[in-house]
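This briefing looks at a few residues in a protein model. Have the sequence and the 3D view open while reading.

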Amino acid sequence: MNFITNMFRNAGWIIALMAATGQAHATSNIECTGVNSDAGVSILIGAGPVLNALEASVSLNERYITTYKHQEGEHANIVQFQANEYEVQLDLMDDQAEVLLASIRILKFIDKNNDESEPYQIGYMHINGSQAVGITCEGP
């Protein structure tokens, strides 16, 4: 009887521990800076069956657009995200999906002769009402 009681007690702890830890989420960031300008892009990418953009922020001079609900700035929604080994595309729109606030396009150049090298990533970001700005990026 003591064996069965201990088994159920231990099983309860194991179940509680498993429930507390939750599901693991693999994420990574793409971080970009402006070429000859005060610009920045940050894209939080979640890795699952399909790559997806979880959150994003873009800034140019004094303007800041973000999908993070608890940050100050213009709030936006991700309406398009596509990523593969060669490019990343991201579009942010206002809450009513009427105005395209920002577009980011990143091209990845991979050195086929060096398997251990990181891809060189360049592109542009365009914020509505401003000129497009060149960016260089680091990340997956």
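Two residues are in contact when heavy atoms of one lie within 4.5 Å of heavy atoms of the other. The model is predicted. The points below cover the surroundings of His126 and two residues with a positive phi, Asn61 and Ala97.

**His126: place and exposure**
- His126 belongs to strand E9, which covers residues 120–127.
- The relative accessible area of His126 is 31%, so His126 is partly exposed, because that class lies between the limits of 20% and 50%.

**His126: neighbours**
- Leaving aside residues up to four places away in sequence, His126 touches Leu101, Ala102, Ser103, Gln131 and Ala132.
- Ser103 is 23 residues from His126 in sequence, while their C-alpha atoms are 5.2 Å apart in space.
- The His126 side chain also reaches the backbone oxygen of Ser130, at 3.0 Å.

**Residues with a positive phi**
- Most residues other than glycine have a negative phi.
- Asn61 is not a glycine, yet its phi is positive, at about 55°.
- Asn61 sits in the loop between strand E3 (52–60) and strand E4 (63–66).
- Ala97 also is a residue other than glycine with a positive phi, near 55°.
- The loop that holds Ala97 runs between strand E7 (87–93) and strand E8 (100–109).

**Exposure of these two loop residues**
- Asn61 has a relative accessibility of 52% and therefore counts as exposed, because exposed means over 50%.
- Ala97 has a relative accessible area of 48%, so Ala97 is partly exposed.

Terms used: Residues are numbered from 1 along each chain as its sequence is written. This is a predicted model: local features need pLDDT of at least 70, side-chain atom pairs count only at pLDDT 80 or more; totals for chains, interfaces and linings use all residues. Side-chain values use heavy atoms; hydrogens and water are left out. Helices (H or I, at least four residues) and strands (E, at least two) are DSSP runs, numbered from the N terminus. Buried means under 20% relative accessible area, exposed over 50%, partly exposed in between (1.4 Å probe, protein chains only). A polar contact is a pair of N or O atoms within 3.5 Å; within protein, one must be able to donate a hydrogen and the other to accept it, and residues adjacent in sequence count only if both atoms are side-chain atoms.
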